[in-house]
Amino acid sequence: MENRRMNETFEPTLIAFCCKYCAYAAADLAGSMRLNYPSNVKITQVPCTGRVDIIHLLKALEDGADGVYVAGCMEGDCHFVSGNLKAKQRVAYVKKTLSEIGIEPERIDMFNLSSAMGPRFAEIAIEMTERIRKIGPSPIAATADRDNRQAKEGKP
């Protein structure tokens, strides 16, 4: 990680939490259509975005992601009724929390897709990658890298 952060050609790491029924299906469609989107987006399939908790979002950042986004069903069309609305509230809470501790809230976002929106999935991946590239490496990941190095060296 340290070399990636020192390198002038910063390539951000992004985690995308995608609901099984819509956003993950849109990602699958983007792949089937051979649409190009950045390979630095790591997709995590979830049964519903309502299952993505605040701790998952924060842990993704702590573990080295430079940006995180949640992609779920269209608002009002969640397969589990209100899961995507709960996810939207959680993302807003994490944005507020990041802002309060001096970290760019733009590192996290929420998007709504239908399963037929493969091209939009690719656009979102590109948009988020470009956004994070402009912001720069995550200060959380840099701190985690330093703490991990110190732990390996036996320093407090």
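**Arg107 and the packing of α3 against α4**

A polar atom of the R107 side chain lies 3.0 Å from the backbone oxygen of P137, a polar contact being a pair of N or O atoms within 3.5 Å, where within protein one must be able to donate a hydrogen and the other to accept it, and residues adjacent in sequence count only if both atoms are side-chain atoms. The model is predicted, so that local features need pLDDT of at least 70 and side-chain atom pairs count only at pLDDT 80 or more, while totals for chains, interfaces and linings use all residues. Residues are numbered from 1 along each chain as its sequence is written, and side-chain values use heavy atoms, with hydrogens and water left out.

The R107 side chain also places a polar atom 2.8 Å from the backbone oxygen of D66. R107 itself sits in the loop between α4 (83–100) and β4 (108–112); helices (H or I, at least four residues) and strands (E, at least two) are DSSP runs, numbered from the N terminus. With a relative accessible area of 0%, R107 is buried (under 20%, with exposed over 50% and partly exposed in between; 1.4 Å probe, protein chains only). Beyond its neighbours within four places in sequence, R107 is in contact with residues including V68, M128, I132 and I135 (heavy atoms within 4.5 Å).

Helix α4, which precedes this loop, is also packed against another helix. The contact joins I54, L57, L58 and L61 of α3 to R90, V91, Y93, V94 and L98 of α4.
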